[in-house]
Amino acid sequence: MTWVIERVKRNSKQSSKHPTAGEADTGDARRDRWRKHRIARRAEFVEAALRALDTHGPDLGMEDVAAEAGVTKPVLYRHFDDKADLYVALGQRGTEILFQRLIPAINSELAPVPRIRMALDAFFSVIEEHPNLYRLLARGGLQEKVVVKADVVAEDKELIATALTALLGDYMRMFNMDSGAAEPWAHGIVGMVQSTGEWWLDRRSMGRDSVVEYLTQIIWAAIDGLSRQQGIVIDPNLPLEENKVVQMRKESEAQ
């Protein structure tokens, strides 16, 4: 799944052997039906891989995925070049799940603190529900994982940081503040949240609500502190007059 935020695009390394959902119809009804069938079948196998991942952990094999899907490995290899191709597809599915929750939360018309809290909860709910998927994508190990780590995790971090940069920059300009701080702020927030997420998955020394609340207060304290330095006081529990949002959509919709 490829997404666009503002002017930034993710370049997925999809195999040219396999059709993708963003491809246009060719005009050949039979060929198009077959292509759509293969796209749907590949998506079914990705969902089976997610279930197998929950059961077997990040070191799952293609035989585990095939067993979960109820097919043989040769059938699976008709839809994926190799394990690395499957990992890429899992990463793209993870991106889709995350952004389907995260972007509406970031763009919610709420007061600043509830808005921050909702966005953080969206992220932590995804990694709580799919911990092995996150571990597979975020941590190195097998050569195939390195490919996915470079293509998915790094690009997702860049996308989210770019979205936050645009959002923070819009608000800072609205308050006549120097928006130059928006980009390092955004990358700092994304890095902090990701690092905390990895720690939390390993330790689970507190519930999701607690870690989300602690991070919410840290992020708000930084925003509040900087704005007060500029003589601007923002009520954390009242929606702002203008609701700034970021636009994110599938790359296929942006063509």
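The buried residues of helix H2 pack against H1, helix H3 (73-77) and H4, and that packing is where these exercises begin. The model is predicted, so local features need pLDDT of at least 70 and side-chain atom pairs count only at pLDDT 80 or more, while totals for chains, interfaces and linings use all residues. Residues are numbered from 1 along each chain as its sequence is written, and side-chain values use heavy atoms, with hydrogens and water left out.

**Exercise 1. The whole chain**

Find how many helices and strands the chain has, and in which order the elements run.

Solution. Start with the rule: helices (H or I, at least four residues) and strands (E, at least two) are DSSP runs, numbered from the N terminus. By this rule the chain has 10 helices and 3 strands. Next, read from the N terminus on: the order is β-β-α-α-α-α-α-α-α-α-α-β-α. Now turn to burial, where buried means under 20% relative accessible area, exposed over 50% and partly exposed in between, with a 1.4 Å probe and protein chains only. Of the chain's 255 residues, 47% count as buried. Last come the contacts, meaning heavy atoms within 4.5 Å. Among those between residues at least 6 apart in sequence, 69% join residues at least 24 apart.

**Exercise 2. Helix H2 and its partner H1**

Work out which residues of H2 are buried, and how H1 and H2 are placed relative to each other.

Solution. First list the buried residues of H2: Met62, Asp64, Val65 and Ala66. Then look at the geometry: H1 (residues 29-56) and H2 (residues 62-69) pack at an angle of about 115 degrees, and their axes are 8 Å apart. Here axes are lines fitted to C-alpha atoms, for helices over the stretch in contact, and angles run from 0 to 180 degrees between N-to-C directions. Angles under 35 degrees count as roughly parallel, over 145 as roughly antiparallel, 65 to 115 as roughly perpendicular and the rest as oblique. H1 and H2 are therefore roughly perpendicular to each other.

Now find the residues that meet. From H1 come Phe45, Ala48, Ala49, Arg51, Ala52 and His56, and from H2 come Asp64, Val65, Glu68 and Ala69. Sorted by class, this contact has 6 nonpolar, 1 polar and 3 charged residues. For the sorting, Ala, Val, Leu, Ile, Met, Phe, Trp, Tyr, Cys and Pro count as nonpolar, Asp, Glu, Lys and Arg as charged, and the others, Gly among them, as polar. Finally, step just past H2: Gly70 takes a positive phi of about 75 degrees.

**Exercise 3. H1 meets H4**

At what angle do the axes of H1 and H4 cross, and which residues make the contact?

Solution. The two axes cross at roughly 85 degrees and come within 10 Å. H1 and H4 are therefore roughly perpendicular to each other. On the H1 side, the contact is made by Arg42, Val46, Glu47, Ala49 and Leu50, and on the H4 side by Asp85, Leu86, Ala89, Leu90, Arg93 and Ile97. These residues divide into 7 nonpolar, no polar and 4 charged.

H4 (residues 83-106) also holds Val88. At 9% relative accessibility, Val88 counts as buried. Its C-alpha atom is 7.5 Å from that of Val152, although the two residues are 64 residues apart along the chain.

**Exercise 4. Aromatic rings**

Find how many aromatic pairs the structure holds, and which residues form one aromatic cluster.

Solution. The structure holds 3 aromatic pairs. Rings of Phe, Tyr and Trp (its six-membered ring) pair if their centres lie within 6.5 Å; planes under 30 degrees apart count as stacked, over 60 as edge-to-face and the rest as tilted. Take Phe123 and Tyr134: the ring centres are 6.2 Å apart and the planes lie at 80 degrees, so the pair is edge-to-face. Phe123 is in helix H5 (residues 112-129) and Tyr134 in helix H6 (residues 131-138), 11 residues apart. Both Phe123 and Tyr134 are buried.

Next take Phe124 and Trp200: with centres 5.6 Å apart and planes at 75 degrees, the pair is edge-to-face. Phe124 lies in H5 and Trp200 in helix H8 (residues 182-203), so the pair ties together parts that are 76 residues apart in sequence. Phe124 and Trp200 are buried as well. Put together, Phe123, Phe124, Tyr134 and Trp200 form one aromatic cluster.

**Exercise 5. Around the cluster**

Is Thr196 of H8 buried or exposed?

Solution. Thr196 has a relative accessible area of 18%, so Thr196 is buried. Not counting residues up to four places away in sequence, Thr196 touches Phe124, Val211 and Leu215. To finish, check H6: 7 of its 8 residues are buried, so H6 is largely enclosed by the rest of the structure.
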